[in-house]
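Student: I've never looked at this protein before. Could you walk me through it?

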Amino acid sequence: MNHSVEWETQIQNYDKQLVTIEELRSKQLEKYILKQSGLTKEMEQLLDRYMQEIKRRLTLLKAPEEQLVMLNTIIEIEYVDDGFIDTYSIVAPEEIDPEQGKISLLSPVGSQLLLAPLHEQIELSTPAGKMTIRVISIKPQLA
């Protein structure tokens, strides 16, 4: 597939994501997040940063050099301590399917992975404790 055609498809995908994120912020945020001190505000800030990144990308003439974990991306992460590799897709809350590795961008792990740069180490807080991971690949999941 031609790179410019891939970028055009990705731009259309970003337009759809903006609508999804705006709906999450305005209608569904309270439904998916427990009202704990600061948690809702932190999630709103994350969604704002995400929308700003999409809007920035929509102004570009070609695919950006930097790769970030975005909605509807398939990512491979490596657990730094043991080298184990896992694959996830970051999706909207209504699309989650843990058995298929589809995690919500609003989940504790999904929200920490959203906007993570390729190859950077991240300390991830999980129910099992803190662990250091590295995002080793990011691929768009184009429909």
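**A first look**

Tutor: Sure! This is a predicted model, and the protein has three helices and five strands.

Student: In what pattern do they follow along the sequence?

Tutor: Let's read from the start of the chain. Two helices lead off, then come three strands, one more helix and two closing strands. Written out, that's α-α-β-β-β-α-β-β.

Student: What share of the 143 residues is buried?

Tutor: To count as buried, a residue needs under 20% relative accessible area. Among the 143 residues in the protein, the buried share is 38%.

Student: And how much accessible surface does the protein have?

Tutor: Carbon and sulfur atoms own 51% of that surface. The accessible surface of the whole protein comes to about 8,600 Å².

**Charges that pair up**

Student: How many salt bridges are there?

Tutor: The rule asks for a side-chain nitrogen of Lys or Arg within 4 Å of a carboxyl oxygen of Asp or Glu. Go through the model with that rule and the count is five.

Student: Which residue in helix H2 pairs with Arg56, three residues away?

Tutor: Both partners sit in helix H2 (residues 39–58), about one turn of the helix apart. Their closest N and O atoms are 2.8 Å apart. Arg56 is partly exposed because its relative accessible area is 32%, while its partner, at 12%, is buried. That partner is Glu53.

Student: Arg56 also meets Glu66, so how far apart in sequence are the parts they tie together?

Tutor: The N-to-O distance in this salt bridge is 2.2 Å. Glu66 is partly exposed, at 34% relative accessibility. Arg56 lies in H2 but Glu66 lies in the loop between H2 and strand S1 (73–79), so the parts this pair ties together are apart in sequence by 10 residues.

Student: Which residues end up in one network?

Tutor: Salt bridges can share partners, and Arg56 bridges to Glu53 and also to Glu66. Follow the shared partners and the network joins Glu53, Arg56, Arg57 and Glu66.

Student: Are Glu123 and Lys130 buried or exposed?

Tutor: Their side chains meet in a salt bridge as well, at 3.6 Å from N to O. The label needs over 50% relative accessible area, and for both Glu123 and Lys130 it is exposed.

**A negative patch and some loops**

Student: Which residues gather in a patch of negative charge on the surface?

Tutor: One member, Glu94, lies in the loop between strand S2 (85–91) and strand S3 (102–104). Glu94 counts as exposed because its relative accessibility is 51%. The full patch is Glu22, Glu23, Glu94 and Glu95.

Student: Is Asn72 buried or exposed?

Tutor: Asn72 is in the loop between H2 and S1. Leaving out residues up to four places away in sequence, Asn72 touches several others, including Asn13, Ile90, Glu95 and Pro140. Its relative accessible area is 15%, which means it is buried.

Student: What is phi of Leu115 near?

Tutor: Most residues other than glycine have a negative phi. Leu115, in the loop between helix H3 (108–113) and strand S4 (121–126), has a positive one. Leu115 is also buried, at 18% relative accessible area. Its phi is near 70°.

Student: And which residue has a positive phi near 75°?

Tutor: Look in the loop between H3 and S4. The residue there with that phi, again other than glycine, is His119.

Terms used
Residues numbered from 1 in each chain as written. Predicted model: local features only at pLDDT ≥ 70, side-chain atom pairs only at ≥ 80, totals over all residues. Heavy atoms only, no water. Patch = residues over 30% accessible without salt bridge, like charges linked within 9 Å, V, L, I, M, F, W, Y side chains within 5 Å. Areas by Shrake-Rupley, 256 points an atom, 1.4 Å probe, with all protein chains shown as cover. Lys, Arg positive; Asp, Glu negative; His and termini not counted. Charge placed at Lys NZ, Arg CZ, Asp CG, Glu CD. Helix = DSSP H or I, 4+ residues; strand = E, 2+ residues; numbered from the N terminus. Buried < 20%, exposed > 50% of the residue type's maximum accessible area, 1.4 Å probe, protein only. Contact = heavy atoms within 4.5 Å.
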